[in-house]
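Dear colleague,

I am handing over the structure below, and after it I set out what was found when its charged side chains were examined.

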Amino acid sequence: MAADFPEECLMALGLDVPLLFDTFYLFLEKPETAYEWDCTEVYENYFKILQLLQYQAFIRDGYSSSERRWVLKCPLHLGLLDFLSKSFPDAKFIWTHRNLNDAVPSLARLIRVGMDMTVNESIDLRALGQNCVVFLQEWLQRGDNFFCTNEKRESRHPVANVMYNDLIYNPQQTLLKIYHDLDLSFTTDYEQALKDHLDGKGKKHVKSRDGITFSSPSKYPTGYSLEEYFLSESVIYNKLGWYVRKYFPVE
């Protein structure tokens with residue numbers, strides 16, 4: 001765990017709440033036991049851990065705190081934003097919206113990987129799929145409530161909504177909109193660095209899960225489907241239709 005490593009969230013949060021990656025399936029089986037948790041102290045401690053990681057990065061690289069910005073990516077934060085926002089009073093929030101027909105089986109596959117490491121019996125894929133839907137019903141509603149409360153531009157916590165496909169297929173314009181929505185400075189130096197990354201390095205990072213490189217995101221082999229977890233598009237819409245209608249309106 002470090003300031004610039006892929007993991008900077010669950011391991012730290014897991015010191016105070018039992019939400020580690022490889023046991024997250026236990027939370028999904030009985031999520032109501034955690035819905036009323038007061039995570040105030042959890043995020044206060046998380047703030048201190050990030051301070052320590054930031055200090056270590058400063059000692060290693062010499063960056064001052066004003067030169068770098070923390071980007072916290074863990075989806076678990078979505079349902080706990082009320083607590084996070086108290087411990088991070090200057091935080092700005094971006095919600096990336098992905099088609100649920102892809103997002104739900106992606107979540108199920110992620111949880112299944114953790115189960116493969118810890119469960120010594122056959123995994124009930126039907127139950128896993130249903131548990132993921134129930135979890136998302138609660139977490140998406142919490143996220144929506146927080147964003148609705150803070151959507152005014154003068155809010156203490158500026159928020160921005162971004163579509164996953166826009167970020168994949170039109171990253172430069174999407175990032176420009178995010179910077180505008182959050183009242184951040186989109187400098188010419190950053191714009192050039194972004195162009196250089198997209199032109200010179202971006203395609204090198206477009207890989208499937210088996211390491212095969214593709215030139216177009218549309219050719220990604222997803223490796224998962226709703227049907228694998230005994231779900232369907234109609235089931236998703238029946239349970240989460242409010243979210244689809246609000247964030248994916250039919251033009």
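With a relative accessibility of 46%, Asp 4 falls in the partly exposed class, because that class lies between the buried limit of under 20% and the exposed limit of over 50%. Please keep in mind that this is a predicted model.

Asp 4 forms a salt bridge with Arg 60, and their closest N and O atoms are 2.7 Å apart. This pair links distant parts of the chain, since Asp 4 sits in the segment before α1 (10-13) while Arg 60 belongs to helix α3, 56 residues apart. Arg 60, at 45% relative accessibility, is likewise counted as partly exposed. Arg 60 also meets the side chain of Asp 61 in a salt bridge of 2.7 Å, taken from N to O, and Asp 61 is partly exposed with a relative accessible area of 39%. Asp 4, Arg 60 and Asp 61 are thus linked in a network of salt bridges.

The search of the whole structure finds eight salt bridges, and among them is the one between Asp 181 and Lys 177, whose closest N and O atoms are 2.7 Å apart. These two residues are separated by about one helical turn, because they stand four residues apart in helix α8 (residues 171-181). Lys 177 is partly exposed, its relative accessible area being 47%.

Finally, Asp 16, Asp 38, Glu 41 and Glu 44 form a negative surface patch. Within this patch, Asp 38 lies in the loop between α2 (24-29) and α3 (40-61), and Asp 38 counts as exposed because its relative accessibility is 57%.

With best regards

Notes: Residues are numbered from 1 along each chain as its sequence is written. This is a predicted model: local features need pLDDT of at least 70, side-chain atom pairs count only at pLDDT 80 or more; totals for chains, interfaces and linings use all residues. Side-chain values use heavy atoms; hydrogens and water are left out. Patches are made of residues with over 30% relative accessible area and no salt bridge: like charges are joined within 9 Å, nonpolar side chains (Val, Leu, Ile, Met, Phe, Trp, Tyr) within 5 Å. Accessible areas come from the Shrake-Rupley method with a 1.4 Å probe; for residues, only the protein chains shown count as cover. A salt bridge is a side-chain nitrogen of Lys or Arg within 4 Å of a carboxyl oxygen of Asp or Glu. Lys and Arg count as positive and Asp and Glu as negative; His and the chain ends are not counted. The place of a charge is taken as NZ of Lys, CZ of Arg, CG of Asp or CD of Glu. Buried means under 20% relative accessible area, exposed over 50%, partly exposed in between (1.4 Å probe, protein chains only).
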